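Ready for a few short exercises on ring geometry and burial? Take a look at the model first, then work through the solutions step by step.

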Amino acid sequence: MNNFTDNFIKDKKNMTLLNETMWGPNSLRMAEELAAQLTITKDMRVLDLGCGLGLTSMYLVKEFGAQVFATDLWANPTENYERFESWGIADKAIPIQADATKDNPFAKGYFDMLFCVGAYMHFGFVPKMLETMASYVKKGGYIAIALQGLKKDFGKDIPKEMQPFWNKDVAEAIRSIDFWTQLWKSEAGLEIVSIKEMDCHKLAWDEYLASRNPDKEDEKWDLDMMAAEGGKYYNTIQLIAKVK
């Protein structure tokens, strides 16, 4: 566990790259723990949904040689392509800009796997979204998700220290393992393989927070939020299902 990430960040240049491209808790840690539960090969087509600036796509290409469709709503695909070229993965990582909640440019049943790290909670809480995402994966393929979550849903009892960081968007996205379990089990055409808390939670967050600048207001927000949370409420959740 963590051999790829540990070896990657031994190089100071790579550590700088990581700090510049993380959009949340270290997605390399999350991707590596998630992938340890899967079989990924160079012959597979993987939809890396919510890839951000491409860290998870780099991991999937460099570690497994998979053909990766690096898809994100907010990341500029040309900039991702330039990054992929500089990382030596442009022949295997295809940059795409798309909104998962709207019409996607993908063929039904095209992918061997949908892989999504640190993004699915922003749109996947909607009923039938999983069914839509599963339609792009061939029968026998897998959906593998790692996302930020809660140990227990707050409901209306939001802890006082978390209230400054809690709004409608956050409340919809950051949910408990019980919420995700009930939602996924309600979806037809899927076999649940694994739903559990991930071991990398603290390390992934610590590495991300270490890259934040307290003098920048948007980065200070993350630091203040996690200081207030203090390890009491948040977790990281793994969800894996097989498409029937």
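**Exercise 1: a pair of rings**

Tyrosine 120 and tryptophan 184 are both buried. The model you are working with is predicted.

Task: classify the contact between phenylalanine 106 and tyrosine 136, and find where the two residues lie.

Step 1. Start from the overall search, which gives 17 aromatic pairs in the whole structure.
Step 2. The ring centres of phenylalanine 106 and tyrosine 136 are 5.7 Å apart with the planes at 80°, so this pair is edge-to-face; the cut-off for that class is over 60 degrees.
Step 3. Phenylalanine 106 sits in the loop between strands E3 and E4, and tyrosine 136 in the loop between helix H6 and strand E5, so the pair ties together parts 30 residues apart in sequence.
Step 4. Check burial: phenylalanine 106 and tyrosine 136 are buried.

**Exercise 2: back to the opening residues**

Task: describe how tyrosine 120 and tryptophan 184 meet.

Step 1. Their rings form an edge-to-face pair, at 6.2 Å centre to centre and 80° between the planes.
Step 2. Tyrosine 120 belongs to the loop between E4 and H6, while tryptophan 184 is in helix H8, 64 residues apart.

**Exercise 3: clusters and charges**

Task: which residues share a cluster with Phe106, and which arginine lies over the face of tyrosine 110?

Step 1. Phe106 joins Phe69, Tyr110, Phe111 and Tyr136 in one aromatic cluster.
Step 2. Arginine 45 lies over the face of tyrosine 110, 3.8 Å from the ring centre.
Step 3. Elsewhere, arginine 175 lies over the face of phenylalanine 179, at 3.9 Å from the ring centre.

Notes
Residues are numbered from 1 along each chain as its sequence is written. This is a predicted model: local features need pLDDT of at least 70, side-chain atom pairs count only at pLDDT 80 or more; totals for chains, interfaces and linings use all residues. Side-chain values use heavy atoms; hydrogens and water are left out. Rings of Phe, Tyr and Trp (its six-membered ring) pair if their centres lie within 6.5 Å; planes under 30 degrees apart count as stacked, over 60 as edge-to-face and the rest as tilted. Helices (H or I, at least four residues) and strands (E, at least two) are DSSP runs, numbered from the N terminus. Buried means under 20% relative accessible area, exposed over 50%, partly exposed in between (1.4 Å probe, protein chains only). A charge sits over a ring if NZ of Lys or CZ of Arg is within 6 Å of the ring centre and within 35 degrees of the ring normal.
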